[in-house]
Amino acid sequence: MPPKQPAGAAQTDTSTTADVTKMAGDVAAMQDQAVKSMSQMGLAWVEGMSDLGSEVLSFVADRIKEDVKTQHKMLHCKDVSELQKIQAEFMQTAIDQYTAETGKLVQMSQDLYAPPSADDTKKS
């Protein structure tokens, strides 16, 4: 024989079930909202990452062109002082370009993770 339940136990089970059902509905609503937000953020994030990748590839291609141009100059130089000048110019150009590119990539990354502005939300 099952143990006897105290008076009002059936009412407690019903209210607990209702509370659990309400909480489950609330959780489901929050999950739906999160999925919608993530899908919008996901597209922007993928586009931003694509832009970052394109920027890096473009920079690498430009640097390779600089390397080839410098090698050509080095092969055709006439003396050691000219070679030193070519190497010094190459190093300065590389430092300037890498510094500028780093700044550009940092800014692009910050823009990627910045909260959307009011203008961005109106476009959606």
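Here are some questions and answers about this predicted model.

Q: What makes up the secondary structure of the chain?
A: The chain has three helices and zero strands. Following the sequence, you meet them in the pattern α-α-α.

Q: Why is Glu66 called buried?
A: Glu66 has a relative accessible area of 17%. Buried means under 20%, so Glu66 with its 17% earns the word. You will find Glu66 in helix 1, which covers residues 9–75.

Q: What does Glu66 touch, leaving aside residues up to four places away in sequence?
A: Glu66 touches Phe90, Thr93 and Gln97. Contact here means heavy atoms within 4.5 Å.

Q: How many aromatic pairs does a search of the whole structure find?
A: The search finds one.

Q: Why is the pair of Phe59 and Tyr98 called edge-to-face?
A: The ring centres of Phe59 and Tyr98 are 5.0 Å apart, and their planes make an angle of 80 degrees. Centres within 6.5 Å count as a pair, and planes over 60 degrees apart count as edge-to-face. Both values meet these limits, so the name fits.

Q: What does this pair tie together?
A: Phe59 belongs to helix 1 and Tyr98 to helix 2 (residues 80–113), so the pair links parts that are 39 residues apart in sequence.

Q: Why is Phe59 called buried, and why is Tyr98 called partly exposed?
A: Phe59 has a relative accessible area of 13%, which falls under the 20% limit for buried. Tyr98 comes to 45%; partly exposed lies between that limit and the 50% above which a residue is exposed, so Tyr98 is partly exposed.

Definitions and conventions: Residues numbered from 1 in each chain as written. Predicted model: local features only at pLDDT ≥ 70, side-chain atom pairs only at ≥ 80, totals over all residues. Heavy atoms only, no water. Helix = DSSP H or I, 4+ residues; strand = E, 2+ residues; numbered from the N terminus. Buried < 20%, exposed > 50% of the residue type's maximum accessible area, 1.4 Å probe, protein only. Phe/Tyr/Trp six-rings, centres within 6.5 Å; stacked < 30°, edge-to-face > 60°.
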